[in-house]
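Me: I would like to go through this model by asking, for each label attached to it, what justifies the label. Please set the value against the criterion each time, and then conclude.

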Amino acid sequence: MIRPFLFTAFLFFLTFSSYAQQKHNPAVKEFGGIYDIPEADKRPDPQLEYKLVIDLTEGAETSEEVNRALNNIARTLNLHVQGGVPIENMKVAAVVHSAATPLVLSNNAYRKEFGVDNPNDQLIQALTDAGVELYVCGQSLIGRGYAQEPLHPDIKVSFSAMTLLTEYQLKGYALLKFY
């Protein structure tokens, strides 16, 4: 009885041992770490231009945590670049709204609102450095009471999330929704 178990465990180890490795951050350093899968049968096509518009609505669980959905933008870039896509072939725009809106505040405004530094500050900078266009919905800014607050300097204001999302989709961008 023990032999079949040991044999199964050995096969499991052999099959998945290549997956037990360190995370990579080829496009967005220090954020959105991913694993390389060298034996993957399908990888992204490096010849394509990847045009993505990301709808980011979910807030972090606590005000001290990096927004998981914002970090997924870094993961998306890292996955494509690790998969062989040149960073120049990545065209990414994201709009922040709804419960995610506070992440766009400047560090001082965030500290005033939540009593801690904005944990998303460096991630926003890293995404911008990687070429991501980051917007916040103007409607959400007003609706959530942040219209008069200073924003992170790398955040641009969009008239609305809905108009930005429809415009980019009509321009051929694939829509990703991050929670």
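Me: What makes the largest nonpolar core a core, and which residues have the most contacts inside it?

Reply: In this predicted model, the largest nonpolar core comprises 34 residues, and those with the most contacts inside it are Leu70, Ile73, Leu127 and Leu134. A set earns the name when its members are buried residues of the listed nonpolar kinds, joined through side-chain atoms within 4.5 Å, so these 34 residues are called a core on the strength of both burial and side-chain contact.

Me: Which elements give two or more residues to this core, and which gives the most?

Reply: Strand S1 (50-56), H2, strand S2 (90-96), helix H3 (107-114), H4 and strand S3 (133-137) each give two or more residues, and H2 gives the most, with five. Apart from this core lies another, of ten residues, including Val95, Cys137, Ala161 and Leu165.

Me: How do you know that leucine 127 is in contact with residues beyond its neighbours in sequence?

Reply: Contact requires heavy atoms within 4.5 Å; with neighbours within four places in sequence left aside, leucine 127 is in contact with Val28, Leu70, Ile73, Ala74, Leu77, Val132 and Leu134, and therefore each of these pairs satisfies that cut-off.

Me: Why is the crossing of H2 and H4 called left-handed?

Reply: Helix H2 (residues 68-82) and helix H4 (residues 121-129) pack at an angle of about 35°, with their axes 10 Å apart. The label left-handed applies when the near helix is turned anticlockwise from the far one by less than a right angle, and H2 passes H4 in that sense, so the crossing is called left-handed.

Me: Which residues meet where H2 and H4 pack, and how do they divide by kind?

Reply: From H2 come Leu70, Asn71, Ile73, Ala74 and Leu77, which meet Leu123, Ile124 and Leu127 in H4. The residues of this contact divide into seven nonpolar, one polar and no charged.

Me: How does the reach of H2 compare with the expected span?

Reply: H2 has 15 residues and reaches 20 Å from its first C-alpha to its last, which is close to the 21 Å expected at 1.5 Å a residue.

Me: What makes a residue of H2 buried, and what covers the buried ones?

Reply: A residue counts as buried when its relative accessible area is under 20%, and Ala69, Leu70, Asn72, Ile73, Ala74, Thr76, Leu77, Asn78 and His80 are the residues of H2 that fall in this class. What covers them includes S1, S2, H4, S3 and strand S5 (174-178).

Notes
Residues are numbered from 1 along each chain as its sequence is written. This is a predicted model: local features need pLDDT of at least 70, side-chain atom pairs count only at pLDDT 80 or more; totals for chains, interfaces and linings use all residues. Side-chain values use heavy atoms; hydrogens and water are left out. Axes are lines fitted to C-alpha atoms, for helices over the stretch in contact, and angles run from 0 to 180 degrees between N-to-C directions. Helices (H or I, at least four residues) and strands (E, at least two) are DSSP runs, numbered from the N terminus. Ala, Val, Leu, Ile, Met, Phe, Trp, Tyr, Cys and Pro count as nonpolar, Asp, Glu, Lys and Arg as charged, and the others, Gly among them, as polar. Buried means under 20% relative accessible area, exposed over 50%, partly exposed in between (1.4 Å probe, protein chains only). The expected span of a helix is 1.5 Å times one less than its number of residues.
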